[in-house]
Amino acid sequence: MLSIYNTLTRTKEEFKPINPPNVKMYVCGPTVYDYFHIGNARSFIMADIIRRYLEFKGYEVKYIMNLTDVDDRIIKKSISEKRDAKLVADDYSKAFFEDIQKLKIKPADVYPKATNHIEEIIDIIKKLEEKGFAYNIDGNVFYNVNKFPEYGKLSGKKIDELESGARIEINEEKKDPLDFALWKKAKVGEPYWESPWGKGRPGWHIECSAMSCKHLGETFDIHAGGNDLIFPHHENEIAQSEAATGKKFVNYWVHFGFLNINNEKMSKSLGNFFTARDILKIYSAEAVRLAFAQTHYAGPLNFSDELLASAEKGLEKLKNLAEKIEEEIKINRVDGIIPQLEFEKYKTNFEAAMDEDFNSPQACAVIFDFIRDVNRAIAENENINIKFYLSVKEFLRKTAEGVLGILDFSKASTQNDGALENDLIELLIKLRHDAKLEKNYALSDRIRNELKNIGIELQDSKSGTTYKKIKIKNVNILPPGEE
RNA sequence: GGCGCUGUAGCCAAGUGGCUCAAGGCGAAGGUCUGCAAAACCUUUAUUCGUCGGUUCGAAUCCGACCGGCGCCUCCA
């Protein structure tokens, strides 16, 4: 039984989809005004793991991630870069797709863009206006929060307390300082669309109401996003959608904890800002994913070189085993023994962990336990039947590869990519072998060391010598932490 | 001020009443294997869970107080 912590109720609840086995899930995507940063990456990756796990459980997931492609920040960027806002959005949209692919994030079923849904947005605003939830002041349309009695139910805020806070910007035009824009009147030079209220563009929150409704319906199962979106963004989405449809908007709200650098929020002004793109120049996507999966999605995560380096090391174990499995499957030994391993137990434990509000750290622990036990069986037995390796592969395919995305079996076989390179390395291995027979260890060690220097690591075993590619670098991206 | 998250070994991090008087990863120490390595395996590495009280047969886990870190309350994931 899967349970999920629901921000709306502040409790862990049993997950009951509206229409099983279908699950409808919406995740707030990027505003495409820049490369996304490693904090965004955490949200995207954890949402991806949740989606993959739902699929592992047999659900048919319809997964939607929006792109906000019209917004103040995009306009600002277009002014500073002196080019059309649409070009800015297109460029960074393209970069977004490149980056999520590198991060091994499964594509959404649809990536709706705000600018392709202007009609739907206008329709909702019209409906809100008709129902008395919205008012137009000179081409700016605002949502009147006082008309929605449940306003604040997601974030636990109360309208009067918010109003007493000093941090709310007072806009003379609004009836209430908390009212937010549904439609913004276009200023000179800004992108605009025609609407019943004149030329303008949608407010930020309304696009998610419009696009989720179009692609998932008026009520859907899961809505996820970063912690900071709880208020005001998701609160406002609820107010808009539920006022317009009269129905419950979302059953389960999932929010991701923040990623900090040196225990501080990442921000450009603090100079501790890293794009996912930059991180991926140094660390593998799998290491990033493992590092994130080893912390529960809802808690804070302190990002550091040490964290990623340690994940990269942990990943080695997994990759080494995967390579071993692929070799053995090629050898295809149909006799030999089949070590007894309780595969069902690991699967049960993995599922039990993930069922408990997507406890991926626990799930990782199950996988590492599994790796250790498999390696032990391999160390204790010779001549193992291929059936054993096939079972091991099956488990890792479903869990490490399928759910966590920290393994790629299609890359686990290094021996056969590039025939020439392979042949040359095999030749050197033979020469080294001959040197060893002559006890010319100076030469054999030199061959091994020099190969290692160019990124090829040799490993001797009873059955012969194998090699694998290793990374040579050791670069720090983060400034050293203060002591 | 309001709402929320958080304090577990050298570092990261699960566990939220008894099977766990504490998973897993990294690091460290010793060992097996090896010509030496590497990989892999084995052993060791928190009598203790921010502090102090309380509830209970029993608490890291519940309650209270205190100390500390962080976030949101501003179109930041």
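How many nonpolar, polar and charged residues does the surface near RNA strand B have? In this predicted model, that surface has 16 nonpolar, 22 polar and 21 charged residues. In total, 59 residues surround RNA strand B. The closest are K184, G226, L229, K265 and R376. Helix α12, residues 360-380, gives the largest share of this surface, with 8 residues.

Which parts of RNA strand B face the protein within 4 Å? Of the RNA atoms within that distance, 63% belong to sugar or phosphate. The rest belong to bases. Several side chains come up to sugar or linking oxygens. An N or O atom in the side chain of E306 is 3.2 Å from such an oxygen of RNA strand B. For an N or O atom in the side chain of N359, the distance to a sugar or linking oxygen is 3.1 Å. Q459 also places a polar side-chain atom 3.4 Å from a sugar or linking oxygen of the RNA strand.

The protein chain is considered next. The domain assignment of chain A gives three stretches: domain 1 covers 3-282, domain 2 covers 315-409, and domain 3 covers 419-469. The centres of domain 1 and domain 2, taken over C-alpha atoms, are separated by 39 Å. The two domains also touch. Here 12 residues of domain 1 are in contact with 17 residues of domain 2.

One open sheet has 4 strands in the order β4-β3-β9-β10. Its pairing is parallel. Strands β4 (60-65) and β10 (250-256) form the edges, and each pairs on one side only. On average, neighbouring strands of this sheet are turned by 20° against each other, direction ignored. Helix α1, residues 38-56, packs on the sheet. This helix touches β3, β4, β9 (220-226) and β10. The direction of α1 makes about 160° with that of β4. A further helix, α6 (residues 204-216), lies across β3, β4 and β9. Helix α6 runs at about 160° to β3. Within the sheet, strand β3 (residues 22-27) runs parallel to β4, and 6 bridges join the two. In one of these pairs, N22 has E60 of β4 as its bridge partner.

A second open sheet also needs describing. What is the order of its 4 strands, with antiparallel pairing? The order is β5-β6-β7-β8. The edge strands are β5 (134-137) and β8 (200-202), each of which pairs on one side only. Neighbouring strands of this sheet are turned by 20° against each other on average, with direction ignored.

At one edge, β5 pairs with strand β6 (residues 140-143) in the antiparallel sense over 4 bridges. The bridge partner of I137 in β6 is N140. These two strands form a hairpin, with 2 residues between them. In the turn, D138 has a positive phi of about 55°. At the other edge, strand β7 (residues 180-185) and β8 pair over 3 bridges, again in the antiparallel sense. Here W183 has P202 of β8 as its bridge partner.

Some backbone geometry also stands out. Most residues other than glycine have a negative phi, and most peptide bonds are trans. Where does K82, with its positive phi, lie? K82 is in the loop between α2 (72-80) and α3 (85-102). Its phi is about 55°, although K82 is not a glycine.

Cis peptide bonds join two pairs described here. One joins P20 and P21, with omega of about 5°. P21 is placed in the loop between β2 (11-14) and β3. Another cis peptide bond joins F231 and P232, where omega is about 0°. The place of P232 is in helix α7, residues 230-245.

Terms used
Residues numbered from 1 in each chain as written. Chains lettered and ligands numbered in written order. Predicted model: local features only at pLDDT ≥ 70, side-chain atom pairs only at ≥ 80, totals over all residues. Heavy atoms only, no water. Pairing = 2+ DSSP bridges. Axes fitted to C-alpha atoms, helices over the stretch in contact; angles between N-to-C directions. Contact = heavy atoms within 4.5 Å. Near = heavy atom within 4 Å. Polar contact = N/O pair within 3.5 Å; in protein donor to acceptor, adjacent residues only side chain to side chain. Nonpolar A, V, L, I, M, F, W, Y, C, P; charged D, E, K, R; others polar. Domains from an automatic or database assignment.
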